[in-house]
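Me: Please take a close look at one helix of this model, with its exposure and its dimensions, and then set that helix in the context of the sheets and cores of the chain.

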Amino acid sequence: MRRPCKYLYDDSGHMELTKLERMDTMGRLAVRELYKQMQSQIILELQDDEIPCTECKGMRFIYIEKDGKSHFEYCRRCYTGKLYVCRHCGEKNKTNYCNCKESREERSVKYRMQVTQKEIEAFKTAKKIHYKDYDGKFILKDSDYVKDLDDVAEWIKDLLREGEEPPEYLWATEKEPCFSINLYDIIYDKCEDGYEYMYERLNTSSPLLKQAQKLITQWEEEQGDSLCVYHETSKAVIIKDLVEEIRKEIQSEQSI
Ligand SMILES: [Zn+2]
Ligand SMILES: [Zn+2]
């Protein structure tokens, strides 16, 4: 059992630790020393922008002594024993992801380049269709709804008037119904939350149900494209001729 009195005073009035406390202290000292020695032995593989963590020096955990107690805990300064020094702002981060303006800009440029490169590759191998041979919809950037050719022509006109160059192609799209309601499936699923053999006890061959399903399917058909979502396909619709036509149109308007 620990003695409640921890300290004794010698003749000179200096505080002295009890034997037990000395042992505790020595133990902690030994651990502290060991921790320091371990820290000094760590050899990290560091890239140019990496430094050992300023807190744990690469150990990933730290030795804490507080109120006569001690423990190890995970280093909160780092994840991997290293810190990443941002080459733009010098900030030391836990990962190589810095949130400074320059880093954000650098990431977005890199991302745009990757997207462009991917797009160029995709276009190279794409099946190409002239816009006059395509009667599907188009997906335009910054627009939530699909567009038809007239909308695309308007969009091209706007771009040209603003001095921007429209693309030479747009991706063809294909539509797919977003959902289709099957009453039998819904009832079956709902029965899963009920009691055993619930579905079997229901009259699912009722003409009422058949009628309801028929009405729902009819309603779905009535909704047409509004019930569909569109995806870009790997076919490219070449709109270059359309762009040139509109460009000429604008030029002739301006020359009047
Ligand atoms: Zn650390
Ligand atoms: Zn930075």
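Reply: Helix H2 (residues 101-125) is hardly covered, since the count of buried residues among its 25 residues is 0. Here a residue is buried if 20 or more other C-beta atoms lie within 10 Å of its own, exposed if 12 or fewer, and partly exposed in between, with C-beta atoms placed from the backbone. Helices (H or I, at least four residues) and strands (E, at least two) are DSSP runs, numbered from the N terminus. The expected span of a helix is 1.5 Å times one less than its number of residues. For H2 this gives 36 Å, and the end C-alpha atoms are 37 Å apart, which agrees.

This is a predicted model, in which local features need pLDDT of at least 70, side-chain atom pairs count only at pLDDT 80 or more, and totals for chains, interfaces and linings use all residues. Residues are numbered from 1 along each chain as its sequence is written, while chains are lettered from A and ligands numbered from 1 in the order in which they are written. The pLDDT is the predictor's confidence in each residue, from 0 to 100. The protein chain averages 89, and 90% of the residues score at least 70. Among the elements, helix H6 (residues 207-223) has the highest mean pLDDT, 97, and strand E1 (residues 7-9) the lowest, 41. Over residues 1-15 the pLDDT is below 50, and this stretch has 14 contacts in the model beyond near neighbours in sequence. Two residues are in contact if their C-beta atoms, placed from the backbone, lie within 7 Å.

The secondary structure of the protein chain comes to 7 helices and 10 strands. Of the 256 residues, 10% count as buried. Among contacts between residues at least 6 apart in sequence, 54% join residues at least 24 apart.

One open sheet has 3 strands in the order E8-E10-E9, with mixed pairing. Strand E8 (127-130) and strand E9 (169-177) stand at its edges, each with a single partner strand, so one side of each is left without a neighbour in the sheet. The twist averages 60 degrees from one strand to the next; axes are lines fitted to C-alpha atoms, for helices over the stretch in contact, and angles run from 0 to 180 degrees between N-to-C directions. Two strands pair if DSSP finds at least two bridges between them. E8 and E10 run parallel and are joined by 4 bridges, with Lys128 opposite Ala236 in E10. E9 and strand E10 (residues 228-238) pair in the antiparallel sense over 8 bridges. Within E10, His231 is the bridge partner of Glu174.

Two of these strands also contribute to the largest nonpolar core. A nonpolar core is a set of buried Ala, Val, Leu, Ile, Met, Phe, Trp, Tyr and Cys residues joined through C-beta atoms within 7 Å. The largest has 12 residues, including Tyr131, Val152, Leu170, Ala236 and Ile239. H3, E9, E10 and helix H7 (240-255) each supply at least two residues of this core, and the largest share, 3 residues, comes from H7. Leaving aside neighbours within four places in sequence, Ile239 is in contact with Tyr131, Val152, Glu168, Tyr169 and Leu170. A second, separate core of 7 residues includes Cys56, Cys75, Cys78 and Tyr84.

Helix H3 (residues 149-161) has 13 residues and reaches 18 Å from its first C-alpha to its last, close to the 18 Å expected. H3 is followed by Gly163, whose phi is positive, near 80 degrees.

A further open sheet of 3 strands has the order E3-E6-E7, with antiparallel pairing. Its edges are strand E3 (50-52) and strand E7 (92-93), each with a single partner strand, so one side of each is left without a neighbour in the sheet. Strand E6 (residues 82-85) pairs with E7 over 2 bridges, and Val85 stands opposite Lys92 in E7. Strand E4 (residues 61-66) and strand E5 (residues 69-74) pair in the antiparallel sense over 6 bridges. E4 and E5 form a hairpin with 2 residues between them, and Asp67 in the turn has a positive phi of about 50 degrees.

Finally, Gln39 lies in helix H1 (residues 19-41). With 15 C-beta neighbours inside 10 Å, Gln39 counts as partly exposed. Gln39 touches Lys57 and Met59, not counting residues up to four places away in sequence.
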